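Subject: Structure handover

Hello,

Here is the structure we spoke about. Please open it alongside this note.

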Amino acid sequence: MRLSIERKPIRVNPDPKRVIARFFFNGNDRAKEVLERVMGISEDVAFGIVSPLLQEYSKRHRNITRVLNRHCSKLKPLFEELNIDYDTITIYRKLLIGSYFTHEYSIESAAFFNPSIVEDPDQTELEDGQRRVIISFRAVGEGHISSITFRRGLIDKDNNITILPAGSYIDEAEIVRNAVYNKKLFFEKAAITQINIDVISELESKLDHHFEYANLRRIILDSQKLQESDMKRLEYDKVLWLADSYYEIVFSLDTDISDRVIFPISEYERKGIEDARFVHFTNEDGSKVYYATYTAYDGSLIMPKLLQTNDFYNFKIMPLYGAGAQNKNLALFPRKVNGKFVMISRIDGCNNYIMYADKINIWEKPILLQQPKFSWEFIQIGNCGSPIETKDGWIVITHGVGPMRRYVLGASLLKLDDPAVEIGRLKEPLLIPNSDEREGYVPNVLYSCGAIVHNEKLIIPYGVSDSSTAFAEVGLQELLDKLKEDKSE
């Protein structure tokens, strides 16, 4: 018999009106042609074109003049090639130029799914039994490019869920590149990404044990000048793309959580940031920090990455290293176990593995934890977010893929002080697509990236056929009893 689970009468749907203003560039030659045309019109004509544009788009973006100015400034090297003094260009002409190199991108136009849920850092001014939460989503727009977006929610004493209205504007963060790179780890990752070994060896010989982005960039540009082959120059670019995978982003303090979008920044994530699994992590000294593992995708290569924040305004982002940091589906435990960081992964695309680490970004020696056992998971088994600690063990919500590539949710129980030991696993799915959940961007798929316990209930947000997000809950004790009843053999 399947465990009884309650679906909540709430659905979060994509909103195509939520747009960001992105830099648009169509190559140097065409860009210079546009610049010459705009520079050829009079100041009065330029003002007459840009003035109504600013009035119209200021209603759609928080600070459109800042965006257009920034996009214009990206073209400074082209102005130099055209022998145009950038500093003498008037502000309105700069804004007009910026507008020709800007386009709106609807981040949720295609889908809004695969949610993760954590406690909000702000739990002030709540009534007894209430809890404020932050829910992350995988938002998909044109070209199937994924980004991370957020909503704030409130759970009341009866576990009713209210998703607060989203703000009117969306902001991308400011990017800060101040990382110091460890040469050994950096070039190990470069080798995995199949960058030319001769290029790797050359750059390694020119860099110190620890180096900064600016130094690497200078050496790469100098080396590229000596290359006649476009293919060889591209290999140097790939190293710089890898360095771009380390960065910090900062959102303005006047943004609501729903206004913030983490959009692909580095070349290695240009096709999407997928399935962030957030966890509220407790350090050994009792302090708290939020981590999220996610998958960066460039169209062919998968790169697992780690995101860290204390406040959801400032985020530090870096790749993960090691034999265990491969493929998708990495989920971090919410605390160390026996003095080690612990992670579940699916490095072979089929089975769940567990691994331990002294450093949160280096994962080696994955240990096989779970293989498909039941017919509804014969194709693959994976996790649906960070394990949840209970007195009886770690609950892991899983996804199983079965006939017709139907994705369903299951659950397992791992030993508290030795999570490499599976105590129990549900023999029947916990949640399967019903008739209202089968249709969507990708039919027959239920998927989650993280759940939360509130008022003795496990609340699971889940993606519905890769199109929208719904919520379900199950009694925590009832789930534990069923997991212990369905013991692993």
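What follows is a short account of the findings, from domains down to single residues.

The model is predicted. Please read everything below with that in mind.

**Domains**

The domain assignment splits the chain into three parts. Domain 1 is assembled from separate stretches, 5-14 + 107-174 + 246-486. Domain 2 covers 19-106. Domain 3 covers 179-244. Taken over C-alpha atoms, the centres of domain 2 and domain 3 are 33 Å apart.

**A helix pair**

Look at helix H1 (residues 28-39) and helix H5 (residues 91-100). Their axes come within 10 Å. They cross at roughly 145°, and the crossing is right-handed. H1 brings Val34, Leu35, Val38 and Met39 to the contact. H5 answers with Arg93, Leu96, Ile97 and Tyr100. By type, the contact residues are seven nonpolar, one charged and no polar.

**The cores**

Which residues touch the most other members of the largest nonpolar core? They are Phe150, Phe186, Ile262, Phe278, Leu307 and Phe312, in a core of 62 residues. Strand S15 (residues 288-297) is the top contributor to this core, giving six residues. Domain 1 and domain 3 both supply residues, so the core lies between them.

Phe150 is a good place to start the tour. Setting aside neighbours within four places in sequence, Phe150 is in contact with Ile262, Phe278 and Phe312, among others. Its contacts also include Ile134, Ile135, Ser136 and Phe137. Further along the chain, Phe150 meets Ile257, Ser258, Arg260 and Phe315.

There is a second, separate core of 25 residues. Among its members are Leu431, Tyr462, Leu479 and Leu480.

**A buried aspartate**

Asp259 sits in the loop between strand S12 (247-250) and strand S13 (260-262). Is Asp259 buried or exposed? Its relative accessibility is 4%, so Asp259 counts as buried. The cut-off for buried is under 20%. Leaving out neighbours within four places, Asp259 is in contact with Arg62. It also contacts Gly167, Ser168, Tyr169, Ile170 and Asp171.

**Two positive phi angles**

Next, the loop between strand S29 (457-464) and strand S30 (468-475), where Ser465 lies. Asp466 is in that loop as well. Ser465 has a positive phi of about 45°, although it is not a glycine. Asp466 is not a glycine either, and its phi is positive at about 55°. Ser465 has a relative accessible area of 0%, so it is buried. Asp466 is buried too, with a relative accessible area of 13%. Please check the backbone here when you have the model open.

**Three isoleucines**

Start with Ile195, in the loop between helix H6 (183-192) and helix H7 (197-206). It is buried, with a relative accessible area of 5%. Ile195 and Glu235 are 40 residues apart along the chain, yet their C-alpha atoms are separated by 6.1 Å. Glu235 is also one of the contacts of Ile195 once neighbours within four places are left aside. The other contacts are Ala190, Ile200, Lys238, Val239 and Tyr268.

Ile219 is placed in helix H8 (residues 213-225). Its relative accessibility is 7%, so Ile219 counts as buried. Lys206 is 13 residues away along the chain, with 7.8 Å between the two C-alpha atoms. Not counting residues up to four places away, Ile219 touches Leu203, Lys206 and Leu207.

Ile265 is in the loop between S13 and strand S14 (272-282). At 26% relative accessibility, Ile265 counts as partly exposed. The bounds for partly exposed are 20% and 50%. Ile265 and Trp241 are 24 residues apart along the chain. Their C-alpha atoms are separated by 9.9 Å. Residues up to four places away aside, Ile265 touches Ile175, Arg177, Tyr247 and Ile249.

**In short**

Three points to take with you:

- The core of 62 residues lies between domain 1 and domain 3.
- H1 and H5 form a right-handed crossing, with seven nonpolar residues in the contact.
- Ser465 and Asp466 have positive phi without being glycines.

Best wishes

Conventions: Residues numbered from 1 in each chain as written. Predicted model: local features only at pLDDT ≥ 70, side-chain atom pairs only at ≥ 80, totals over all residues. Heavy atoms only, no water. Axes fitted to C-alpha atoms, helices over the stretch in contact; angles between N-to-C directions. Helix = DSSP H or I, 4+ residues; strand = E, 2+ residues; numbered from the N terminus. Left-handed = near helix turned anticlockwise from the far one by under 90°. Contact = heavy atoms within 4.5 Å. Nonpolar A, V, L, I, M, F, W, Y, C, P; charged D, E, K, R; others polar. Core = buried A, V, L, I, M, F, W, Y, C linked by side-chain atoms within 4.5 Å. Buried < 20%, exposed > 50% of the residue type's maximum accessible area, 1.4 Å probe, protein only. Domains from an automatic or database assignment.
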